[in-house]
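Here are a few exercises to work through with the model open beside you. Try each task before reading its solution.

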Amino acid sequence: MRLDYVSIFPDFFAPLTLSLPGKAAEKGLLEVGVHDLRGWTHDRHHTVDDTPYGGGAGMVMKPEPWGDALDALVVPPTTTGQRTTVVFTTPSGEPFDQRLAEELATREHLVFACGRYEGIDQRVIDHARTVAEVREVSLGDYVLNGGEVAALAITEAVVRLLPGFMGNAASLVEESHAESGLLEYPVYTKPPVWRGHEVPAVLRSGDHAKVASWRREQAVRRTAQRRPDLLTPSVLDDGTPIVRATPGDAGELLTLQRACWVQEALANDMLDIPALHESLEDVRAWLGEWDTYVVRRAGRLVAAVRGRVERGEHGDVWDIGRIMVAPDLQGSGLGRILLEHIQAVAPAEVASYVLFTGAASVRNQRMYKKAGFRLRRDLPAPPGAVVLTKNAARHGTDTRRGDL
Ligand code: JDQ
(Lines give C-alpha, C1' and ligand atoms only; values in the text may rest on other atoms or scores of the structure.)
Protein backbone atom coordinates (compact mmCIF):
# COMPACT_ATOMS: atom_id res chain seq x y z
CA MET A 1 0.00 0.00 0.00
CA ARG A 2 1.15 3.52 -0.79
CA LEU A 3 0.08 6.46 1.38
CA ASP A 4 0.47 10.13 0.40
CA TYR A 5 -0.34 13.11 2.59
CA VAL A 6 -0.88 16.67 1.37
CA SER A 7 -0.94 19.41 3.98
CA ILE A 8 0.37 22.88 4.76
CA PHE A 9 1.70 21.31 8.00
CA PRO A 10 3.68 18.32 6.73
CA ASP A 11 5.51 18.08 10.09
CA PHE A 12 2.37 16.47 11.51
CA PHE A 13 3.32 13.37 9.55
CA ALA A 14 6.92 13.14 10.72
CA PRO A 15 6.07 10.07 12.89
CA LEU A 16 5.03 8.20 9.74
CA THR A 17 8.34 8.79 8.02
CA LEU A 18 10.25 7.76 11.17
CA SER A 19 9.49 4.43 12.81
CA LEU A 20 5.74 3.86 13.20
CA PRO A 21 5.12 1.81 10.09
CA GLY A 22 8.89 1.62 9.64
CA LYS A 23 8.73 -2.11 10.05
CA ALA A 24 6.00 -2.41 7.50
CA ALA A 25 8.03 -0.18 5.20
CA GLU A 26 11.05 -2.44 5.65
CA LYS A 27 9.06 -5.43 4.50
CA GLY A 28 7.93 -3.41 1.50
CA LEU A 29 4.36 -3.43 2.81
CA LEU A 30 4.07 0.35 2.97
CA GLU A 31 5.39 3.37 1.12
CA VAL A 32 4.79 6.81 2.57
CA GLY A 33 5.04 10.23 0.92
CA VAL A 34 4.48 13.52 2.76
CA HIS A 35 3.94 16.67 0.70
CA ASP A 36 3.79 20.36 1.50
CA LEU A 37 0.86 21.86 -0.41
CA ARG A 38 2.87 25.09 -0.74
CA GLY A 39 5.18 23.19 -3.08
CA TRP A 40 2.35 23.46 -5.62
CA THR A 41 1.94 27.26 -5.29
CA HIS A 42 3.43 29.59 -7.88
CA ASP A 43 3.27 33.04 -6.25
CA ARG A 44 6.00 34.67 -4.15
CA HIS A 45 3.94 34.28 -0.95
CA HIS A 46 3.01 30.61 -1.52
CA THR A 47 -0.65 31.54 -1.06
CA VAL A 48 -3.00 28.64 -0.35
CA ASP A 49 -6.13 30.52 0.85
CA ASP A 50 -8.52 33.22 -0.29
CA THR A 51 -11.75 34.92 0.84
CA PRO A 52 -15.00 32.94 0.49
CA TYR A 53 -17.45 33.74 -2.32
CA GLY A 54 -20.75 34.80 -0.78
CA GLY A 55 -18.99 36.28 2.23
CA GLY A 56 -18.61 34.93 5.72
CA ALA A 57 -15.90 34.49 8.27
CA GLY A 58 -12.55 32.87 7.64
CA MET A 59 -10.67 31.81 4.54
CA VAL A 60 -11.08 28.97 2.05
CA MET A 61 -8.30 26.92 0.47
CA LYS A 62 -7.92 27.99 -3.15
CA PRO A 63 -8.26 25.23 -5.74
CA GLU A 64 -5.14 25.66 -7.94
CA PRO A 65 -2.47 24.21 -5.59
CA TRP A 66 -4.77 21.28 -4.80
CA GLY A 67 -5.34 20.66 -8.50
CA ASP A 68 -1.60 20.48 -9.14
CA ALA A 69 -1.10 18.23 -6.09
CA LEU A 70 -3.72 15.78 -7.36
CA ASP A 71 -2.20 15.89 -10.87
CA ALA A 72 1.12 14.86 -9.32
CA LEU A 73 -0.13 12.20 -6.90
CA VAL A 74 -3.21 10.53 -8.36
CA VAL A 75 -2.10 7.65 -10.56
CA PRO A 76 -4.03 5.99 -13.38
CA PRO A 77 -5.72 2.65 -12.70
CA THR A 78 -3.23 -0.13 -12.00
CA THR A 79 -3.10 -3.50 -13.76
CA THR A 80 -5.74 -4.68 -11.24
CA GLY A 81 -7.94 -1.80 -12.40
CA GLN A 82 -7.85 -0.14 -8.99
CA ARG A 83 -7.81 3.66 -8.85
CA THR A 84 -6.22 5.96 -6.27
CA THR A 85 -8.53 6.72 -3.35
CA VAL A 86 -8.41 10.36 -2.23
CA VAL A 87 -9.51 10.82 1.37
CA PHE A 88 -10.66 14.33 2.26
CA THR A 89 -10.92 14.58 6.02
CA THR A 90 -13.72 16.99 6.88
CA PRO A 91 -16.23 17.54 9.69
CA SER A 92 -19.01 16.99 7.14
CA GLY A 93 -17.79 13.62 5.90
CA GLU A 94 -19.13 10.10 6.41
CA PRO A 95 -18.25 8.90 9.91
CA PHE A 96 -15.03 6.93 10.17
CA ASP A 97 -15.49 3.49 11.73
CA GLN A 98 -13.95 0.02 11.68
CA ARG A 99 -15.95 -0.94 8.59
CA LEU A 100 -14.47 1.99 6.64
CA ALA A 101 -10.98 1.18 7.99
CA GLU A 102 -11.40 -2.36 6.62
CA GLU A 103 -12.55 -1.00 3.28
CA LEU A 104 -9.64 1.45 2.99
CA ALA A 105 -7.21 -1.33 3.97
CA THR A 106 -8.08 -3.06 0.66
CA ARG A 107 -6.81 -0.09 -1.38
CA GLU A 108 -3.40 0.03 -3.06
CA HIS A 109 -3.04 3.83 -2.95
CA LEU A 110 -4.52 6.38 -0.53
CA VAL A 111 -3.98 10.13 -0.84
CA PHE A 112 -4.97 12.08 2.27
CA ALA A 113 -5.90 15.68 1.42
CA CYS A 114 -5.74 17.63 4.68
CA GLY A 115 -7.39 21.01 4.64
CA ARG A 116 -7.16 23.94 7.03
CA TYR A 117 -9.09 27.21 7.51
CA GLU A 118 -12.79 26.76 6.60
CA GLY A 119 -11.99 23.91 4.24
CA ILE A 120 -11.16 23.37 0.57
CA ASP A 121 -12.93 24.90 -2.46
CA GLN A 122 -15.67 22.35 -3.32
CA ARG A 123 -14.51 22.17 -6.96
CA VAL A 124 -11.34 20.35 -5.82
CA ILE A 125 -13.44 17.50 -4.41
CA ASP A 126 -15.68 17.54 -7.50
CA HIS A 127 -12.63 17.37 -9.76
CA ALA A 128 -10.99 14.62 -7.70
CA ARG A 129 -14.10 12.48 -8.26
CA THR A 130 -13.40 12.58 -12.00
CA VAL A 131 -9.90 11.12 -11.61
CA ALA A 132 -10.04 9.01 -8.44
CA GLU A 133 -12.29 7.35 -5.90
CA VAL A 134 -13.11 10.04 -3.32
CA ARG A 135 -14.11 9.58 0.31
CA GLU A 136 -15.04 12.56 2.46
CA VAL A 137 -14.47 11.26 5.97
CA SER A 138 -15.16 12.65 9.45
CA LEU A 139 -13.28 11.32 12.46
CA GLY A 140 -16.28 12.08 14.67
CA ASP A 141 -18.72 14.75 15.73
CA TYR A 142 -16.26 17.26 17.11
CA VAL A 143 -14.35 20.10 15.48
CA LEU A 144 -10.63 19.97 14.74
CA ASN A 145 -8.60 22.84 13.28
CA GLY A 146 -7.58 20.86 10.22
CA GLY A 147 -7.53 17.44 8.63
CA GLU A 148 -4.09 16.23 9.75
CA VAL A 149 -4.99 14.61 13.07
CA ALA A 150 -7.96 12.86 11.46
CA ALA A 151 -5.71 11.55 8.66
CA LEU A 152 -3.24 10.18 11.24
CA ALA A 153 -5.98 8.41 13.17
CA ILE A 154 -7.41 6.89 9.99
CA THR A 155 -3.91 5.80 8.95
CA GLU A 156 -3.27 3.98 12.22
CA ALA A 157 -6.62 2.19 12.07
CA VAL A 158 -6.02 1.13 8.43
CA VAL A 159 -2.34 0.16 8.57
CA ARG A 160 -2.76 -2.21 11.52
CA LEU A 161 -5.18 -4.22 9.37
CA LEU A 162 -2.66 -4.84 6.60
CA PRO A 163 -1.61 -8.49 6.40
CA GLY A 164 1.80 -8.92 7.97
CA PHE A 165 1.54 -5.83 10.13
CA MET A 166 1.75 -6.07 13.95
CA GLY A 167 1.99 -9.89 13.82
CA ASN A 168 -1.61 -10.47 12.86
CA ALA A 169 -2.26 -13.48 15.14
CA ALA A 170 -3.93 -11.10 17.61
CA SER A 171 -6.34 -9.69 15.03
CA LEU A 172 -8.03 -13.08 14.66
CA VAL A 173 -8.81 -13.07 18.37
CA GLU A 174 -9.92 -9.47 18.13
CA GLU A 175 -12.31 -10.12 15.27
CA SER A 176 -14.08 -12.88 17.15
CA HIS A 177 -14.82 -10.43 19.95
CA ALA A 178 -15.61 -7.50 17.65
CA GLU A 179 -18.26 -9.70 16.03
CA SER A 180 -20.15 -9.74 19.31
CA GLY A 181 -20.86 -6.03 18.69
CA LEU A 182 -20.01 -5.33 22.32
CA LEU A 183 -17.37 -3.17 23.96
CA GLU A 184 -14.33 -4.91 25.40
CA TYR A 185 -14.44 -6.42 28.87
CA PRO A 186 -12.04 -4.98 31.51
CA VAL A 187 -8.58 -6.53 31.64
CA TYR A 188 -6.19 -7.09 34.58
CA THR A 189 -2.63 -8.22 35.15
CA LYS A 190 -0.39 -8.74 38.20
CA PRO A 191 -0.18 -7.91 41.04
CA PRO A 192 -3.39 -9.51 42.38
CA VAL A 193 -3.95 -6.56 44.75
CA TRP A 194 -2.82 -3.08 43.79
CA ARG A 195 -3.42 -0.04 46.03
CA GLY A 196 -6.26 -1.90 47.67
CA HIS A 197 -7.93 -2.81 44.35
CA GLU A 198 -8.34 -6.56 43.82
CA VAL A 199 -8.37 -8.50 40.59
CA PRO A 200 -11.85 -10.12 40.45
CA ALA A 201 -11.59 -13.57 42.01
CA VAL A 202 -13.23 -15.30 39.05
CA LEU A 203 -10.26 -14.38 36.83
CA ARG A 204 -7.90 -16.18 39.23
CA SER A 205 -10.16 -19.22 39.68
CA GLY A 206 -8.85 -21.10 36.68
CA ASP A 207 -12.44 -21.90 35.68
CA HIS A 208 -12.41 -21.04 31.97
CA ALA A 209 -16.17 -21.29 31.54
CA LYS A 210 -16.77 -18.95 34.48
CA VAL A 211 -14.15 -16.52 33.16
CA ALA A 212 -15.84 -16.49 29.76
CA SER A 213 -19.30 -15.80 31.16
CA TRP A 214 -17.98 -13.13 33.55
CA ARG A 215 -16.26 -11.35 30.65
CA ARG A 216 -19.38 -11.52 28.54
CA GLU A 217 -21.49 -10.06 31.35
CA GLN A 218 -18.98 -7.24 31.85
CA ALA A 219 -18.96 -6.51 28.12
CA VAL A 220 -22.77 -6.38 27.99
CA ARG A 221 -22.95 -4.17 31.07
CA ARG A 222 -20.37 -1.70 29.73
CA THR A 223 -22.07 -1.58 26.37
CA ALA A 224 -25.49 -0.93 27.91
CA GLN A 225 -24.08 1.91 29.96
CA ARG A 226 -21.67 3.60 27.57
CA ARG A 227 -22.96 2.67 24.13
CA PRO A 228 -26.62 1.68 24.35
CA ASP A 229 -26.80 2.43 20.61
CA LEU A 230 -24.70 -0.70 19.98
CA LEU A 231 -27.18 -3.02 21.66
CA THR A 232 -30.01 -4.48 19.66
CA PRO A 233 -32.86 -2.35 20.84
CA SER A 234 -35.26 -4.05 23.20
CA VAL A 235 -38.29 -5.18 21.29
CA LEU A 236 -41.83 -6.21 21.99
CA ASP A 237 -43.10 -9.63 20.86
CA ASP A 238 -44.07 -8.21 17.48
CA GLY A 239 -40.67 -6.58 16.95
CA THR A 240 -41.75 -3.06 17.89
CA PRO A 241 -38.64 -1.43 19.39
CA ILE A 242 -38.40 0.32 22.75
CA VAL A 243 -36.33 3.41 22.00
CA ARG A 244 -34.90 6.31 23.94
CA ALA A 245 -37.18 9.34 24.05
CA THR A 246 -35.96 12.47 22.25
CA PRO A 247 -36.82 16.13 23.02
CA GLY A 248 -39.21 15.99 20.08
CA ASP A 249 -41.33 13.43 21.96
CA ALA A 250 -42.28 15.94 24.69
CA GLY A 251 -45.63 16.90 23.17
CA GLU A 252 -46.85 13.35 22.69
CA LEU A 253 -45.53 12.38 26.12
CA LEU A 254 -47.59 15.18 27.64
CA THR A 255 -50.71 13.90 25.87
CA LEU A 256 -50.06 10.31 26.98
CA GLN A 257 -49.38 11.51 30.51
CA ARG A 258 -52.68 13.42 30.70
CA ALA A 259 -54.62 10.39 29.48
CA CYS A 260 -52.90 8.08 31.95
CA TRP A 261 -53.03 10.37 34.96
CA VAL A 262 -56.70 11.19 34.51
CA GLN A 263 -57.33 7.45 34.80
CA GLU A 264 -54.96 7.15 37.74
CA ALA A 265 -56.63 10.11 39.44
CA LEU A 266 -60.11 8.60 38.96
CA ALA A 267 -58.96 5.21 40.28
CA ASN A 268 -57.44 6.87 43.32
CA ASP A 269 -60.23 9.36 43.92
CA MET A 270 -57.86 12.29 43.81
CA LEU A 271 -57.95 14.84 41.06
CA ASP A 272 -54.92 16.88 42.02
CA ILE A 273 -52.05 14.52 41.22
CA PRO A 274 -49.25 16.99 40.43
CA ALA A 275 -48.22 15.20 37.22
CA LEU A 276 -51.72 15.82 35.84
CA HIS A 277 -51.02 19.52 35.80
CA GLU A 278 -47.60 19.45 34.16
CA SER A 279 -46.96 21.67 31.14
CA LEU A 280 -44.98 20.98 27.97
CA GLU A 281 -42.09 22.85 29.59
CA ASP A 282 -42.27 20.56 32.63
CA VAL A 283 -42.12 17.47 30.41
CA ARG A 284 -39.19 18.92 28.45
CA ALA A 285 -37.39 19.59 31.74
CA TRP A 286 -37.79 16.09 33.17
CA LEU A 287 -36.96 14.49 29.82
CA GLY A 288 -33.52 16.03 30.23
CA GLU A 289 -33.11 14.58 33.72
CA TRP A 290 -34.45 11.05 33.30
CA ASP A 291 -33.54 8.12 31.03
CA THR A 292 -36.84 7.88 29.21
CA TYR A 293 -37.94 5.17 26.79
CA VAL A 294 -40.93 5.11 24.49
CA VAL A 295 -42.82 2.71 22.25
CA ARG A 296 -44.44 3.78 18.99
CA ARG A 297 -47.21 1.91 17.17
CA ALA A 298 -47.97 3.06 13.64
CA GLY A 299 -46.11 6.27 14.40
CA ARG A 300 -48.12 7.02 17.56
CA LEU A 301 -46.36 7.23 20.91
CA VAL A 302 -48.33 4.66 22.93
CA ALA A 303 -46.19 3.89 25.96
CA ALA A 304 -43.33 5.27 28.02
CA VAL A 305 -41.22 4.70 31.11
CA ARG A 306 -38.48 6.65 32.85
CA GLY A 307 -35.69 5.93 35.35
CA ARG A 308 -32.91 7.75 37.15
CA VAL A 309 -30.38 7.19 39.90
CA GLU A 310 -31.12 8.60 43.35
CA ARG A 311 -28.35 8.62 45.95
CA GLY A 312 -29.77 6.71 48.92
CA GLU A 313 -28.54 5.97 52.45
CA HIS A 314 -27.96 2.33 51.57
CA GLY A 315 -26.43 2.81 48.14
CA ASP A 316 -27.76 4.09 44.85
CA VAL A 317 -31.39 3.49 43.99
CA TRP A 318 -32.90 3.30 40.49
CA ASP A 319 -36.06 5.38 40.66
CA ILE A 320 -38.59 4.03 38.15
CA GLY A 321 -41.61 6.07 37.20
CA ARG A 322 -44.19 7.25 34.69
CA ILE A 323 -44.91 3.79 33.31
CA MET A 324 -47.62 4.93 30.95
CA VAL A 325 -49.63 2.92 28.43
CA ALA A 326 -52.23 4.50 26.15
CA PRO A 327 -55.73 3.68 27.50
CA ASP A 328 -56.69 1.62 24.43
CA LEU A 329 -53.62 -0.64 24.88
CA GLN A 330 -53.80 -1.22 28.61
CA GLY A 331 -53.89 -4.86 29.69
CA SER A 332 -51.78 -5.86 26.67
CA GLY A 333 -48.65 -6.54 28.75
CA LEU A 334 -46.89 -3.40 27.52
CA GLY A 335 -46.48 -2.00 31.03
CA ARG A 336 -44.84 -5.19 32.24
CA ILE A 337 -42.41 -5.15 29.31
CA LEU A 338 -41.50 -1.52 29.96
CA LEU A 339 -40.96 -2.34 33.63
CA GLU A 340 -38.55 -5.14 32.63
CA HIS A 341 -36.81 -2.82 30.18
CA ILE A 342 -36.22 0.03 32.61
CA GLN A 343 -34.72 -2.42 35.13
CA ALA A 344 -32.46 -3.86 32.44
CA VAL A 345 -31.00 -0.46 31.56
CA ALA A 346 -30.33 0.56 35.18
CA PRO A 347 -26.68 1.42 35.87
CA ALA A 348 -24.69 -1.43 37.41
CA GLU A 349 -24.08 0.37 40.70
CA VAL A 350 -27.73 0.54 41.78
CA ALA A 351 -28.52 -1.62 44.79
CA SER A 352 -32.28 -1.49 44.43
CA TYR A 353 -35.22 -0.28 42.38
CA VAL A 354 -37.98 1.93 43.76
CA LEU A 355 -41.30 2.99 42.31
CA PHE A 356 -44.40 4.80 43.49
CA THR A 357 -47.99 4.15 42.53
CA GLY A 358 -51.45 5.10 43.68
CA ALA A 359 -52.54 3.38 46.88
CA ALA A 360 -55.76 2.34 45.10
CA SER A 361 -54.13 1.36 41.78
CA VAL A 362 -54.55 -2.35 42.44
CA ARG A 363 -53.86 -3.48 38.89
CA ASN A 364 -50.50 -1.65 38.84
CA GLN A 365 -49.58 -3.00 42.25
CA ARG A 366 -50.39 -6.55 41.16
CA MET A 367 -48.10 -6.18 38.14
CA TYR A 368 -45.26 -4.74 40.25
CA LYS A 369 -45.55 -7.58 42.77
CA LYS A 370 -45.49 -10.15 39.95
CA ALA A 371 -42.28 -8.49 38.78
CA GLY A 372 -40.70 -9.03 42.21
CA PHE A 373 -41.45 -5.67 43.85
CA ARG A 374 -42.58 -5.58 47.48
CA LEU A 375 -44.91 -3.08 49.07
CA ARG A 376 -42.95 -0.99 51.60
CA ARG A 377 -45.28 0.43 54.23
CA ASP A 378 -42.16 1.20 56.29
CA LEU A 379 -40.99 3.79 53.75
CA PRO A 380 -42.41 7.30 53.31
CA ALA A 381 -44.73 7.90 50.35
CA PRO A 382 -46.66 10.96 49.14
CA PRO A 383 -50.29 11.16 50.31
CA GLY A 384 -52.46 8.64 48.43
CA ALA A 385 -49.43 6.75 47.10
CA VAL A 386 -47.46 3.64 48.08
CA VAL A 387 -43.78 2.72 47.64
CA LEU A 388 -42.55 -0.55 46.21
CA THR A 389 -38.93 -1.69 46.09
CA LYS A 390 -36.92 -4.59 44.75
CA ASN A 391 -33.27 -5.59 45.21
CA ALA A 392 -31.30 -5.09 42.04
CA ALA A 393 -29.55 -8.42 42.79
CA ARG A 394 -26.78 -7.91 40.28
CA HIS A 395 -23.98 -10.41 40.24
CA GLY A 396 -20.37 -9.98 39.14
CA THR A 397 -17.92 -7.62 40.80
CA ASP A 398 -18.87 -4.56 42.82
CA THR A 399 -17.99 -2.47 39.79
CA ARG A 400 -18.72 1.18 40.39
CA ARG A 401 -19.71 3.57 37.63
CA GLY A 402 -16.35 5.28 37.84
CA ASP A 403 -14.75 2.10 36.52
CA LEU A 404 -17.23 1.72 33.72
C1 JDQ B 1 -10.55 20.38 8.21
C2 JDQ B 1 -13.00 23.36 10.15
C3 JDQ B 1 -15.00 23.59 8.81
C4 JDQ B 1 -13.78 23.42 11.30
C5 JDQ B 1 -10.43 22.62 8.12
C6 JDQ B 1 -10.11 21.48 7.43
N7 JDQ B 1 -13.95 15.02 12.47
C8 JDQ B 1 -13.40 16.20 12.11
N9 JDQ B 1 -13.53 17.29 12.83
N10 JDQ B 1 -12.92 18.29 12.24
C11 JDQ B 1 -12.38 17.86 11.10
C12 JDQ B 1 -12.67 16.52 10.99
C13 JDQ B 1 -11.69 18.72 10.12
C14 JDQ B 1 -11.11 18.17 8.98
C15 JDQ B 1 -10.53 19.00 8.01
C16 JDQ B 1 -11.12 20.92 9.37
C17 JDQ B 1 -11.70 20.11 10.34
N18 JDQ B 1 -11.03 22.27 9.29
C19 JDQ B 1 -11.52 23.21 10.27
C20 JDQ B 1 -13.62 23.44 8.91
C21 JDQ B 1 -15.77 23.67 9.96
C22 JDQ B 1 -15.15 23.57 11.20
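**Exercise 1: the mixed sheet**

Task: find the strand order of the open sheet that has seven strands.

Solution. Start with the order, which is β10-β11-β12-β13-β14-β16-β15, with mixed pairing. Strands here are DSSP runs of E with at least two residues, helices are runs of H or I with at least four, and both are numbered from the N terminus; two strands pair if DSSP finds at least two bridges between them. Next, look at the edges: β10 (242-244) and β15 (374-375) each pair on one side only. Then add helix α11 (residues 334-344), which packs on this sheet and touches β10, β11, β12, β13, β14 and β16; contact means heavy atoms within 4.5 Å.

This is a predicted model, in which local features need pLDDT of at least 70 and side-chain atom pairs count only at pLDDT 80 or more, while totals for chains, interfaces and linings use all residues. Residues are numbered from 1 along each chain as its sequence is written, and side-chain values use heavy atoms, with hydrogens and water left out.

**Exercise 2: one strand pair**

Task: in which sense do β14 and β16 pair, and over how many bridges?

Solution. Strands β14 (residues 352-358) and β16 (residues 385-391) are antiparallel, with seven bridges. As a check, locate Thr357, whose bridge partner in β16 is Val386.

**Exercise 3: the parallel sheet**

Task: which strands stand at the edges of the sheet β2-β1-β6-β5-β7?

Solution. The pairing in this open sheet of five strands is parallel. β2 and β7 (133-138) each have a single partner strand, so one side of each lacks a neighbour in the sheet. Further in, five bridges join β5 (residues 85-95) to β6 (residues 109-114), and Phe88 stands opposite Ala113 in β6.

Conventions:
Axes are lines fitted to C-alpha atoms, for helices over the stretch in contact, and angles run from 0 to 180 degrees between N-to-C directions.
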